[in-house]
Amino acid sequence: MDGHSAHASLAGDVPLLEMRSVSKRYDGRGRALSEVSLKVAPGELVAVIGSSGAGKSTLLRCVNKLIDCTEGEILFEGRDIARARGRELRHARRRIAMIFQHYNLVYRATAIENVLQGRLGYKSAVAGMLGRYSEDEKRRAFEALDRVGMAPFAYKRADQLSGGQKQRVGIARALLQEPALMLADEPIASLDPKSSRTVMELLRWIATELRVGCLVNLHQVDFALEFSDRVVALKAGEVVFDGAPDRLTSATIAEIYGEAEPRGAVGPTESAESVEAAAAPCRNAGSCPVEAVLEAGVA
Ligand SMILES: Nc1ncnc2c1ncn2[C@@H]1O[C@H](COP(=O)(O)OP(=O)(O)OP(=O)(O)O)[C@@H](O)[C@H]1O
């Protein structure tokens, strides 16, 4: 099924995620997000576009609770998680998976060890740190790798994989979390066109076949048009477009990006050094599965 027909069939579904007038103000600054409202249904792939600084990452970080929004409600499966803490927060974190531009893998670990980390939110902190996984979890990790075409690389160290392969490991790890919602922050910005297409096809499959809602930040407008059910455009923190991809005219795109040119299918592919440098702080961030478990304590 192509994305556009999927959109039509989703019209009556209860939203999996609903943001109501969400604003975010970083300390002493103007609003990075300004009264953003949007919905994501189960099985729907929503692309978020907008020029650099428009607020795309801030939006995802508010949903996965890396940061707290300043105002508004974020309803996930019908419950407001904007100010959730404790058990409620742990539950939401299990059900919301994230993939990152810089993959956020543990590079000295093998592909399958990275995938198994998707189970950490379901374990006690001790079991997680000791790497205790059941045979069933290992089988499922291998199946997830197989699904993304990475089974032959299961026992290869993550730092020996290409960017596209690393991202597929990141997707397999997210799948092992059994998410209801998948967030992807610029998942193809560092990849070549072929790998970008593979990753977008996997996200499309996850939405359509697994009925997972996907909220995907993209710089590449043409991929957003091709793969999404709906496009949400941000400009200076505000939603300036929310609709089907075929309603996005070139005049609207010009307005969204102002002077800035949107990227085509191919974003600049970064050097290995710059990718590694950018990934380093990310590996220590609260979004990492290990950190999430340490914070969550015994599940
Ligand atoms: N930690 C922070 N502290 C203060 N301001 C921030 C912080 N993170 C982001 N901002 C500001 O919030 C605004 C939105 O940034 P954000 O990173 O969400 O945009 P973006 O659309 O994801 O950009 P890009 O495409 O370049 O990643 C920008 O003005 C940015 O400078």
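**Close-ups of a predicted model**

**View 1. The shell around the ligand.** Sitting around the ligand (C-beta atom, placed from the backbone, within 6 Å of it) are Tyr-26, Arg-29, Ala-32, Gly-50, Ser-52, Gly-53, Ala-54, Gly-55, Lys-56, Ser-57 and Thr-58. This is a predicted model, where local features need pLDDT of at least 70, side-chain atom pairs count only at pLDDT 80 or more, and totals for chains, interfaces and linings use all residues. Numbering starts from 1 along each chain as its sequence is written. Helix H2 (residues 56-63) supplies the largest share of the shell, three residues. Sorted by class, the shell has three nonpolar, six polar and two charged residues (nonpolar: Ala, Val, Leu, Ile, Met, Phe, Trp, Tyr, Cys and Pro; charged: Asp, Glu, Lys and Arg; polar: the others, Gly among them).

**View 2. Helices H7 and H8.** The axes (lines fitted to C-alpha atoms over the stretch in contact, with angles from 0 to 180 degrees between N-to-C directions) of H7 (residues 163-176) and H8 (residues 193-210) come within 9 Å and cross at roughly 10°. H7 and H8 are therefore roughly parallel to each other (angles under 35 degrees). On the H7 side, the contact (C-beta atoms, placed from the backbone, within 7 Å) uses Gly-163, Gly-164, Gln-167 and Ile-171, and H8 brings Ser-195, Thr-198, Val-199 and Leu-202. That makes three nonpolar, five polar and no charged residues in the contact of H7 with H8.

**View 3. The protein chain.** There are twelve helices and ten strands in the protein chain (DSSP runs numbered from the N terminus: helices H or I, at least four residues; strands E, at least two). Of its 299 residues, 45% count as buried (20 or more other C-beta atoms within 10 Å of a residue's own, all placed from the backbone).

Note on methods. Angles under 35 degrees count as roughly parallel, over 145 as roughly antiparallel, 65 to 115 as roughly perpendicular and the rest as oblique. Two residues are in contact if their C-beta atoms, placed from the backbone, lie within 7 Å. A residue is buried if 20 or more other C-beta atoms lie within 10 Å of its own, exposed if 12 or fewer, and partly exposed in between; C-beta atoms are placed from the backbone.
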